[in-house]
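Welcome! Please take a moment with the sequence and the 3D view below, and then we can walk through them together.

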Amino acid sequence: MRIRTAAVATTAIAGALAALTAAPAQADEYSSALKVRGIQYDAPGRDDHRCSGGNTHQEYLTIKNYSKSSTVNLKGYVVKDATGNRFTFTKNHYLQPGDYVRLRGGRGTDSDAKNVVYRNNCNFMWNNPGDTIYVYKPSGARADVHKYTKSGNDRDGNGYIQFHK
């Protein structure tokens, strides 16, 4: 009986250690006030990535400052997808508590008043069947991450998924 009890105890300890080591990764992931509110991963209409007349600008990622008291400067934050497409906020863009910004594809004029920043790239960043969204702090630490699939997350089929309210 002692051998069996020792094996059960060892298995329980290994399981507990695995749970403890997994917890910080998830905790780090959500330690930021800045989170992905939602994504329009499939621009309405037929995908057309021409800079003039295309619909890349209708694809966007909404990032929100969920802090109740701190302003967040987006400068240095990085947004990536699963295949390594990336966008780095290179200019100061301040999000007050509860404020948001839409990171849009295509070309346009960034505007604090209209809460929009353009990637200045006319290629689509987000894959319609599914993708993973990564947001990194300027320090390189992960701020938020979400994996989605069209079939698993977009119940009404409108190309938009909400993650945080």
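How many salt bridges does the structure hold? The structure holds two, where a salt bridge is a side-chain nitrogen of Lys or Arg within 4 Å of a carboxyl oxygen of Asp or Glu. Before meeting them, please note that this is a predicted model, in which local features need pLDDT of at least 70, side-chain atom pairs count only at pLDDT 80 or more, and totals for chains, interfaces and linings use all residues. Residues are numbered from 1 along each chain as its sequence is written, and side-chain values use heavy atoms, with hydrogens and water left out.

Here are the two salt bridges.

| Salt bridge | Closest N to O distance |
|---|---|
| Lys150 and Asp42 | 3.6 Å |
| Arg50 and Asp48 | 2.6 Å |

Side chains of opposite charge can pair when their charged atoms come close. Lys150 belongs to helix H2 (residues 150-153) and Asp42 to the loop between S1 and S2, so their salt bridge ties together parts that are 108 residues apart in sequence. Asp42 counts as buried at 15% relative accessibility, while Lys150 is partly exposed at 36%. Arg50 is partly exposed as well, with a relative accessible area of 49%. (Buried means under 20% relative accessible area, exposed over 50%, and partly exposed in between, with a 1.4 Å probe and protein chains only.)

Now for the chain as a whole. It has two helices and eleven strands, and from the N terminus on they run α-β-β-β-β-β-β-β-β-β-β-α-β. Helices (H or I, at least four residues) and strands (E, at least two) are DSSP runs, numbered from the N terminus. Of the 165 residues in the chain, 38% are buried. The accessible surface comes to about 9600 Å², and carbon and sulfur atoms hold 51% of that; such areas come from the Shrake-Rupley method with a 1.4 Å probe, and for residues only the protein chains shown count as cover. Among contacts (heavy atoms within 4.5 Å) with a separation of 6 or more, 58% join residues 24 or more positions apart.

What lies in the interior? A nonpolar core is a set of buried Ala, Val, Leu, Ile, Met, Phe, Trp, Tyr and Cys residues joined through side-chain atoms within 4.5 Å. The largest one has 23 residues, and those touching the most other members are Ile39, Leu61, Tyr77, Val79, Phe89, Trp126 and Ile133. At least two residues of this core come from each of strands S1 (34-40), S2 (60-65), S7 (100-104), S9 (130-136) and S10 (142-149). S1 gives the largest share, three residues. Leaving aside residues up to four places away in sequence, Tyr77 touches a list of residues including Leu34, Phe87, Phe89, Val135 and Ala143.

Some of the strands line up side by side. An open sheet of four strands follows the order S5-S4-S9-S10 with antiparallel pairing, and two strands pair if DSSP finds at least two bridges between them. Strand S5 (86-88) and S10 are the edge strands, each pairing on one side only. Strand S4 (residues 78-80) and S9 pair over three bridges, and Val78 has Tyr136 in S9 as its bridge partner.

One last stop is Ala33, in the loop between helix H1 (2-29) and S1. Ala33 is partly exposed, with a relative accessible area of 26%. Beyond residues up to four places away in sequence, Ala33 touches Lys64, Asn65, Tyr66 and Ser67. Ala33 and Lys68 are 35 residues apart in sequence and 8.9 Å apart in space, C-alpha to C-alpha.
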